[in-house]
Every structure is written in structure tokens, then in C-alpha cells.
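Work through the exercises below with the sequence and the model side by side. Each one sets a task and then solves it step by step.

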Amino acid sequence: MIDISPELTLGRRDTLPADLRYLFERYPRDDWQTHANLGGMAQFWLQRHDMFRDIGGMLTQSVAQYREGQLEAQPFAQFFVPRLRFFLQQLHGHHQIEDLHYFPVFVQAETGLKRGFDLLDNDHHVIHDALERNAQGANEFLGKLGEGRDAARFAADAYSGETEDLVAMLLRHLEDEEDLIIPVILDRGEDTLGLM
């Protein structure tokens, strides 16, 4: 991991710093879907990000429904476990592809954004640590489901905050990543970047 100033660490920042948003200013979000350079790879990548947002929301909502007594333990576990497993596995693989393939391509294409890609790479380490904590917390919580409602509720309360924090960090990261990467793609084109 690289050294990141405290105000830019994931969980503390509200957006990318201004010096990393110069391409975003040229290519705002409202123009992305109609831009000629938004190719198949970028659209697929944005869809993957939307999938992570959707699943993160489902996980957070299902824990809240369990805590509020709207879901019993067995239906909750049947819904929650496969989605959490998928979420954790897919995020890990997605970040590996970005770190090893896409980020180096984007840094080479737009060296002025290197610090931004270092920031995103650091985010991946922070998220990875949070994913590991979340998996451990989920195992502890799910283990309490068979110990009675009070034990399970206490475990659900503890786990809920951890899940909400993870999803909030992930949402911030996804938005910042898109604000950095999509403008590079729109500026250069997927063919030029070798992303086809």
C-alpha cells in the first residue's frame, strides 16, 4: 500500500480531489451514455459496478429485515449466505483484474492521474481488509442464528454496522473509480487504450 493522506483515505473522503477531476470536468456523468467512445468494455464494467451496488443493498437490507423481525433465521440465511459469498468472491476477482490489467493501462495513457490510480489501488487494500472482517463477522453472526433469538439479535446488531460501513466504503470507491476511469476511456477510446 502507498502512503495516502488521511483526508483521502477511503471512509473519509467525499469525492476525488480537484486535481484528479480534470477529465471528469470535460466528460461529466450526464454525457457518458451517449458518448461515442463508451464501448462494450466500459459498459460491461459499469454494469458490474451496478451489480455490486445492487448486491450490497440487498445484503444490507436483508440484515435489517432480520433485525426488525421481518425475516426468520432460516429464510434469512438461505437468502443471505449465497449472495454474500458471491459478493465477496466477485469483488476480489474484480479488484485483481483492475489492479493487474486495467489500472496500469490507464496510468500509462494518462500519467497525470497516477496519484488517483494509486488512491484506487489503496482503496482495494482497504476494501479487501474490510471484506475479510465482514466474512469473519458474518460467520460469527450466522453461527449465532441457532443459539436463540437474543444471541442472534445481538450478533446481527454488531454485524449490521460492519456491513453498512463496508457497503458505504464500496459505494464511495465505485463512484470515484468511475469518475477517474470513464473519462479516460471517453477521451482516448477503448481501441486506442487496447481494451477491446
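**Exercise 1.** How do the residues of the lining of the largest pocket divide into nonpolar, polar and charged?

Solution. This is a predicted model, in which local features need pLDDT of at least 70 and side-chain atom pairs count only at pLDDT 80 or more, while totals for chains, interfaces and linings use all residues. Residues are numbered from 1 along each chain as its sequence is written, and side-chain values use heavy atoms, with hydrogens and water left out.

Begin with the list: the largest pocket is lined by His 92, His 95, Gln 96, Asp 99, Leu 100, His 124, His 125, His 128 and Leu 131. A pocket here is an open set of points on a 1 Å grid over the protein atoms alone, with protein on both sides within 12 Å along at least five of seven lines, and a lining residue has an atom within 4 Å of a point. Next, sort by class, where Ala, Val, Leu, Ile, Met, Phe, Trp, Tyr, Cys and Pro count as nonpolar, Asp, Glu, Lys and Arg as charged, and the others, Gly among them, as polar. The result is 2 nonpolar, 6 polar and 1 charged. Finally, by element, α3 supplies the largest share of this lining, 5 residues, and the space in the pocket comes to about 160 Å³, a volume being the space filled by probe spheres set on the points.

**Exercise 2.** Find which residues line the largest cavity, and state their classes.

Solution. A cavity is a set of grid points where a 1.4 Å probe fits but cannot get out, and the structure holds 1 cavity of 30 Å³ or more. About 30 Å³ of space lies in the largest cavity, and its lining consists of Met 41, Trp 45, Glu 98, Tyr 102, Phe 106 and Ile 181. By class, this lining has 5 nonpolar, no polar and 1 charged residues, and α3 gives the most to it, with 3 residues.

**Exercise 3.** Describe the largest nonpolar core and the surroundings of Ile 182.

Solution. A nonpolar core is a set of buried Ala, Val, Leu, Ile, Met, Phe, Trp, Tyr and Cys residues joined through side-chain atoms within 4.5 Å, where buried means under 20% relative accessible area with a 1.4 Å probe and protein chains only. The largest has 30 residues, and those with the most contacts inside it are Phe 106, Phe 117, Ile 182, Ile 185 and Leu 195. Its largest share, 6 residues, comes from α5. Leaving aside neighbours within four places in sequence, Ile 182 is in contact (heavy atoms within 4.5 Å) with Trp 32, Leu 38, Ala 42, Trp 45 and Leu 46. Apart from this core lies another, of 28 residues, among them Met 51, Tyr 66, Phe 76 and Leu 174.

**Exercise 4.** Is Asp 123 buried or exposed, and what does Asp 123 contact?

Solution. Asp 123 has its place in helix α4. Asp 123 counts as buried because its relative accessible area is 0%. Beyond its neighbours within four places in sequence, Asp 123 is in contact with Leu 10, Arg 13 and His 173.

**Exercise 5.** What span should α2 have, and what is the distance between its end C-alpha atoms?

Solution. Helices are DSSP runs (H or I, at least four residues) numbered from the N terminus, and the expected span is 1.5 Å times one less than the number of residues. The 28 residues of α2 should therefore span 40 Å, which agrees with the 41 Å between its end C-alpha atoms. After α2 comes Gly 69, whose phi is positive, near 80°.

How values were computed:
Buried means under 20% relative accessible area, exposed over 50%, partly exposed in between (1.4 Å probe, protein chains only). Helices (H or I, at least four residues) and strands (E, at least two) are DSSP runs, numbered from the N terminus.
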